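Trainee: I should like to work through this structure with you. May we take the whole chain before the individual helices?

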Number of protein chains: 2
Amino acid sequence: MKVIIVGGVAGGMSAATRLRRLDENAEIIVLDKGPHVSFANCGLPYYVSGEIEEREALLLHTPESLGARFNLDVRVNSEAVDLETDKKQLKIKFGEKEYWESYDKLILSPGASPFVPPIGGINEAENVFVLRNVPNLDAVMAFIHQHQPKKATVIGAGFIGLEMVENLVERGLEVTLVEKAPHVLPPLDEEMSAYVEKELRENGVEVILNQSATEFLDHGKTVVLENGEQLATDMIILSVGVVPETALAKKADIALGLRGAILVDEAYQTSAKDVYAVGDAIVVKQQINGEDALISLASPANRQGRQVADIISGMKRTNKGSIGTAIVRVFKMSAASTGLSERQVKLAGLPYEVVHVSGKDHAGYYPGATSVMLKLVFDPETGKIYGAQGVGEKGVDKRIDILATAIKGDLTVADLPELEFTYAPPFGSAKDPVNMLGYAGLNIMEGLTDLVQWHEVSDKLAQGAVLLDVRNQAELLSGEFASSLHIPLNDLRERLHELDPEKEYIISCASGQRSYIAERVLKQKGFKAANLDGSFGLYQVVRPQEIK
Amino acid sequence: MKVIIVGGVAGGMSAATRLRRLDENAEIIVLDKGPHVSFANCGLPYYVSGEIEEREALLLHTPESLGARFNLDVRVNSEAVDLETDKKQLKIKFGEKEYWESYDKLILSPGASPFVPPIGGINEAENVFVLRNVPNLDAVMAFIHQHQPKKATVIGAGFIGLEMVENLVERGLEVTLVEKAPHVLPPLDEEMSAYVEKELRENGVEVILNQSATEFLDHGKTVVLENGEQLATDMIILSVGVVPETALAKKADIALGLRGAILVDEAYQTSAKDVYAVGDAIVVKQQINGEDALISLASPANRQGRQVADIISGMKRTNKGSIGTAIVRVFKMSAASTGLSERQVKLAGLPYEVVHVSGKDHAGYYPGATSVMLKLVFDPETGKIYGAQGVGEKGVDKRIDILATAIKGDLTVADLPELEFTYAPPFGSAKDPVNMLGYAGLNIMEGLTDLVQWHEVSDKLAQGAVLLDVRNQAELLSGEFASSLHIPLNDLRERLHELDPEKEYIISCASGQRSYIAERVLKQKGFKAANLDGSFGLYQVVRPQEIK
């Protein structure tokens, strides 16, 4: 059997190496149009700051090492430029040379390339970079070494954009971040991304939202925004998303779907016989709602690559789809998500509730505990978990990984309190924030609490509701709502007479835990009460202008 | 409704506070025979070293603060000494005073107390301590301050024993650890605990296995072991397990089960009407095999306490049982487990296979990556996961928490590769060690690999098998098997003629990954080959005497 694999990173190389382990006699050719295969693309930004010191660390394997270990015929700088699926022939371009290679099975794993919008003046600018591969990185580094830029503009505040911001700042540059969406990190919801925006600003990054670049002037030394504002810059990083690399598939009349990505069945078979596709270039099923999606992440790509090798070798495998789990570190903060965001759930018209829980990464009484803010989006009827997000200094990855596992296991809100985690003071708490998400979600489902979300507060207040702050006196020093009634929780039962039975009270503490206790007291005493979800802690981050 | 709760820590206090949130009008009395409630018992060892600096940090709440916040009647130094379940009366001892208190509902959450074996001379020794509560800790600290001990002996190498060892060493004491089992950390299997034993020895701890203390001489200045050896010591910590505190339940003729623990139904109801029990004192169902078990951990106790409050308030809740998840930090190492160990599975006569995977806590190319060694015990027919264990410097808690969640979600070995985790270089890898456990397990289930376990090697060699080491030449410097054939993996295909088709080859590399590749090459070329699970990395830790 002769197998050609187009694309030698995540999905392609996983397919090649697995195939070799299954079939010592197959002829396996791996093509990559770039000079490297199997490099650490997710590590590229960290070389910019020097956090990853050695460029070689990013080059996990060479064509030679893969040849020796897996008996692979790895051909770099070799682009697949044409495909005749009826003749099972692939045309390969190597330098000036072009030649045809036949195959029994063809696996397309071309990935996705950075989207470069048609911004005026972009072709005249020599300081504009994207970051997908090692040559891109080499270009960035050569520019930095040669021109010693002081100011950088990063356009696009997604995962890679934020990593570039951090690493450019760590390198000593002054960085401006421009994002078209109303908040950074668009895959997350606004209030969660607000923590990241705060961290960016605290690290000196200028954050410009609701804007995109419309023109580059002076050979890229000036970025013009939609509102006419002009930013002076020495270099520009474009990270405004990716597009599946499907020119070859298109040329070969292979069926394409969502946003031009390759359509495959559950066995990764494309519309052309004996042609398979995996990775960022294919349409996958978002497992949570069953809809078509593009999920450009390394983990699913690796799994798909391995599975397609199994399928080609005659084993039964099914692409069950992906839920999408991702994380980014931004200075001391990390932000992660799995599954659907609130925005996606709302857009899909699904019934949903949201709950926020703020806890500690490990026991509060043990040194070094930091806050973890988690958000859960779920169906209040069935408890089905649509998605989760987290921000914090430590332990966010763990909680989102747990919740991603819970989603894959079809666990519901009611199951989260049942989860038993490793607990010793340096690692966790007897009631982990994930357990607390379950308790809080159940309280909503069972009618024990009514939540008011951060974005509902101003309307509620306008309708006559009163904010009741139950924090201690000392906590008010860290900030207060512009207007609220203050009764510390421990005094509440004795001071109920100060409340108006006709009014609705939106109760807040620092995190939402004590305000829930207060809500229960008030509700049982006949008052109209609701809990401000996430409480003052969340509100001051997402609505700083409404804090005094 | 008048509710009395016996025991004011994890389960008891969770019940009390939840009950108050559900019922503002209930009369809730919480009794504790000690001077504190709601203290951080898991934090006690860390105060010994000073890592937790403030004693107050361990006292999370006072009776007064709980009174103010939850309107609880908290009575410390109050022991429940008699119970008449027909009259619904509890006798309480407070100092010299005894009185009866009636109840509508009684919740027993007395916990478990450290087992103190009847060792000769123990009553004459004033330097013997256990560590369950703050008075125990105060006694330890008073002794340390007064006598400035140089040498300590810790008897029992379970979770608390190991935490005490670490903290005594951090305090500057010379520590000897005595364990009756053949290895430290008996809840884990031998090869996993070997990493912990290595860490203990590297930190100067004298570890004595297969021994218990038979006598204390010279007022506890000498510990005599079974083999007659005498250890000089200045102080002794006893941590040889716990026994459920069920004297009161027994006196009241409440039905007891396994090891004298309280029997309850799925609604925590004991055999006596309106008497409930939760926490370390009850018999629970081990969810994985459905058998009775005692699981003395904070997380289930907290959940049970909350659930019993729900049940008393008329909500439907079921104690589904526990799987048991635990972790301990020992110097730089952490060791964790969830579910059943290999030993337990073997004892239960269940069909099982074992696989070890060694990976990195985060991307290997990103600075600071450390090794994580994971073990999975599973049913090779169905893929059901019985349990998992992990050791390493970082990220062990995360992996075991994920696997604990997978077990609760009835995920199988085949589901583990499907899990999508947060991946960015500082947090993980595109293929997480948990994914790799799934791939490795599937390879066993699908007949692609045959594993030889570390304890099977010597028998296999005696029967004529040959160890084939496929590491690179340079790696041999870190140690070699006493006897093995060495062919680096990358040379293997060219040197197959050096192998004997009649012999069986047990292949090893550093972690088991390259040796698996070699196994696949050999198998497809007609050789008898198996992979040494965990490979040289594991073997040198658990069988150091067989390494040259």
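Mentor: Certainly; please bear in mind that this is a predicted model. We may begin with how much of the chain is covered.

Trainee: What percentage of the 548 residues in chain A is buried?

Mentor: A residue is called buried when its relative accessible area is under 20%. Applied to the 548 residues of chain A, this cut-off gives a buried share of 61%.

Trainee: Why does the radius of gyration of chain A agree with that of a compact globule?

Mentor: A compact globule of 548 residues would have a radius of gyration near 24 Å. The C-alpha trace of chain A spans about 90 × 55 × 40 Å along its principal axes. The radius of gyration agrees with the expectation because chain A has a value of 26 Å.

Trainee: What share of the contacts in chain A with a separation of 6 or more joins residues 24 or more positions apart?

Mentor: Chain A contains 14 helices and 30 strands. Among its contacts with a separation of 6 or more, the share from residues 24 or more positions apart is 63%.

Trainee: How far apart are the centres of the positive and negative side chains in chain A?

Mentor: Chain A exposes about 20300 Å², of which carbon and sulfur atoms supply 48%. It carries 56 positive and 76 negative side chains. The centres of these two sets are separated by 3 Å.

Trainee: Is helix H1 of chain A largely enclosed or largely open?

Mentor: H1(A) covers residues 10–22, and its end-to-end C-alpha distance of 18 Å is close to the 18 Å expected. Its buried residues include A:Met13, A:Leu19 and A:Leu22, as well as A:Arg18, A:Arg20 and A:Arg21. Since 12 of its 13 residues are buried, H1(A) is largely enclosed.

Trainee: Which residue with a positive phi follows H8(A)?

Mentor: Helix H8 of chain A runs over residues 298–312, and its end C-alpha atoms lie 21 Å apart, in agreement with the expected span. The helix is mostly covered, with 15 of its 15 residues buried. After it comes a residue with phi near 95 degrees, namely A:Gly314.

Trainee: Which helices are included in what covers the buried residues of H4(B)?

Mentor: H4(B), residues 134–147, should span 20 Å, and its end C-alpha atoms are 20 Å apart. Its buried residues include B:Val134, B:Leu137, B:Met141 and B:Phe143. The cover includes strands S9 and S16 of chain B, together with two of its helices, H2 (44–49) and H5 (159–170).

Definitions and conventions:
Residues are numbered from 1 along each chain as its sequence is written. Chains are lettered from A and ligands numbered from 1 in the order in which they are written. This is a predicted model: local features need pLDDT of at least 70, side-chain atom pairs count only at pLDDT 80 or more; totals for chains, interfaces and linings use all residues. Side-chain values use heavy atoms; hydrogens and water are left out. Helices (H or I, at least four residues) and strands (E, at least two) are DSSP runs, numbered from the N terminus. The radius of gyration is taken over C-alpha atoms; the globule rule is 2.2 Å times the number of residues to the power 0.38. Buried means under 20% relative accessible area, exposed over 50%, partly exposed in between (1.4 Å probe, protein chains only). Contact means heavy atoms within 4.5 Å. Accessible areas come from the Shrake-Rupley method with a 1.4 Å probe; for residues, only the protein chains shown count as cover. Lys and Arg count as positive and Asp and Glu as negative; His and the chain ends are not counted. The place of a charge is taken as NZ of Lys, CZ of Arg, CG of Asp or CD of Glu. The expected span of a helix is 1.5 Å times one less than its number of residues.
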